[in-house]
Amino acid sequence: MDRLTIGAIDIGGTKLAATVARADGPVLRMSAPTPKSGSIRALPERAIALLDETCKRSGVDPAEIRTVGVSSCGPFSTDDGLIGLVSPNICGAGSDVADLPNDWDVIPLESVLRERFDNLVIENDGVAALAAERSFGALQGENNCAYVTWSTGIGFGLCVDGRILRGKNGNAGHAGHMLLSETSDALCGCGNRGDLEALVSGRNLGNRYGQSAAAIFDTARKGDPHALAVTTEAARWFGRALYNLTATLDLAAFAVGGSVWLNHGEWLLPIVQEELLSHLPALTKGVRVCTAGLGTHVGDLAALSLVLSSEWATAWRSSAPWHKTALAAG
Ligand SMILES: [Zn+2]
């Protein structure tokens, strides 16, 4: 096999992670805070250093890694065909997020990583999670499907006719910012009022109702009428968004992950399904909504799935090595 070891980098708003994997599965995953100060190259340079450190702790020569998958929070911009990162949670220029100690406008993510790695695939985190769910999770064999995360934010990865949708800047799947309610005062971090993320994300529900989303969903589950009304409304908006995507893309299945869904999907599912399936049965009949098959492992495998060979994926499917490997170190 020509690729002895592959690497993966996850870029989140608060945390970076690096993973090293071999033919028999992931070896080690390490994490570190996302850099938010210093030169505009600080983030990709830190990601490379973290991957090097992960290699050294795994007994792998860092020079051996030529192939790297990158799963990153978005949005992206492209310049000369190279992906740059313009996430408002990380880049200070023009951002409303308080206390970002930088004036970065576009982080040159791809150009810095390409200085080091020959074979590089960068996707937004929803797309990367979709790739993992299609390889190992609940979307195996599905050609018209979506991965959705319902967590502090809302993100999608979309697949139509077996092709993962990317769009002009690699931002397809930012459907969390689809506008749903003109009259709502719910505010999203992106500046929209009444978009899906404003109406249902853990962060925005927490901001709106003055307590953590975990507390709102927990008390709703115990039967508190106010919390139940809030969460039922959120689940209906979520189901409506799934309907809109089904009507637009003719999808057959959704795999839902993220902390809100992984903790509460069991009782939210009937509300979401009812909303989705109650519209235009000719389009929605039989559309499947299920929990992401990889559960909390989806993030560990997302970036790796972007660069896995089909031979490795087949071997990993039969042994599910992520269940036995210590991925949480660092
Ligand atoms: Zn938004």
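The points below walk through a predicted model, taking its sheets, cores, metal site and some backbone details in turn.

1. One open sheet consists of five strands in the order 3-2-1-4-7, and its pairing is mixed. Its edges are formed by strand 3 (25–33) and strand 7 (119–124), each of which pairs on one side only. Ignoring direction, neighbouring strands of this sheet are turned by 15° against each other on average. Strand 4 (residues 67–72) runs parallel to strand 7 and is joined to that strand by six bridges; within this pairing, Val70 stands opposite Ile122 of strand 7.

2. Two helices can be followed against this sheet. Helix 1 (residues 42–58) packs on the sheet and touches strand 1 (5–11), strand 2 (15–22), strand 3 and strand 4, with a direction that makes about 40° with that of strand 2. Helix 10 (residues 298–305) lies across strand 1, strand 2, strand 3 and strand 4, and runs at about 120° to strand 1.

3. Another open sheet, also with mixed pairing, has five strands in the order 10-9-8-11-12, and here the edge positions, where a strand pairs on one side only, belong to strand 10 (163–164) and strand 12 (288–291). Helix 3 (residues 125–136) packs on this sheet, where it touches strand 8, strand 9 (154–160), strand 10 and strand 11, and its direction makes about 55° with that of strand 9. Strand 8 (residues 145–150) and strand 11 (residues 253–257) pair in the parallel sense over five bridges, and Ala146 has Phe254 of strand 11 as its bridge partner.

4. Phe254 deserves a second look, since this residue reappears in the interior. The largest nonpolar core has 43 residues, and Phe254 is listed with Trp150, Phe156, Val200, Phe238 and Leu242 as having the most contacts inside it. Two or more residues of this core come from each of several elements, including strand 8, strand 9, strand 11, helix 4 (196–200) and helix 8 (259–277), while the largest share, 10 residues, is given by helix 7. Leaving aside neighbours within four places in sequence, Phe254 is in contact with residues that include Leu139, Val148, Leu242, Leu245 and Val289. A second, separate core of 34 residues has Leu130, Leu301, Val307 and Trp316 among its members.

5. Which residues coordinate the zinc ion? The donors are His177 (ND1), Cys188 (SG), Cys190 (SG) and Asp195 (OD), at 2.0 to 2.3 Å, and along the chain they follow the spacing H-x10-C-x1-C-x4-D. The arrangement is tetrahedral because the angles subtended by the four donor atoms run from 103 to 117°, inside the range of 85 to 135 degrees that this label requires. His177 and Cys188 both lie in the loop between strand 10 and helix 4, 11 residues apart; His177 is partly exposed at 26% relative accessible area, whereas Cys188 counts as buried at 4%.

6. Some backbone details are worth checking by eye. The peptide bond from Gly74 to Pro75 is cis, with omega near -10°, and Pro75 sits in the loop between strand 4 and strand 5 (76–79). Asp161, in the loop between strand 9 and strand 10, has a positive phi near 55° although it is not a glycine, and its relative accessible area of 55% makes Asp161 exposed. Leu280, which lies in the loop between helix 8 and helix 9 (281–284), is another residue other than glycine with a positive phi, here near 35°; Leu280 is partly exposed, at 46%.

How values were computed:
Residues numbered from 1 in each chain as written. Predicted model: local features only at pLDDT ≥ 70, side-chain atom pairs only at ≥ 80, totals over all residues. Heavy atoms only, no water. Pairing = 2+ DSSP bridges. Helix = DSSP H or I, 4+ residues; strand = E, 2+ residues; numbered from the N terminus. Contact = heavy atoms within 4.5 Å. Axes fitted to C-alpha atoms, helices over the stretch in contact; angles between N-to-C directions. Core = buried A, V, L, I, M, F, W, Y, C linked by side-chain atoms within 4.5 Å. Buried < 20%, exposed > 50% of the residue type's maximum accessible area, 1.4 Å probe, protein only. Donors = N, O, S within 2.8 Å, 3.2 Å for Na, K, Ca; no water. Tetrahedral: all angles 85-135°; square planar, octahedral: opposite > 155°, others 65-115°.
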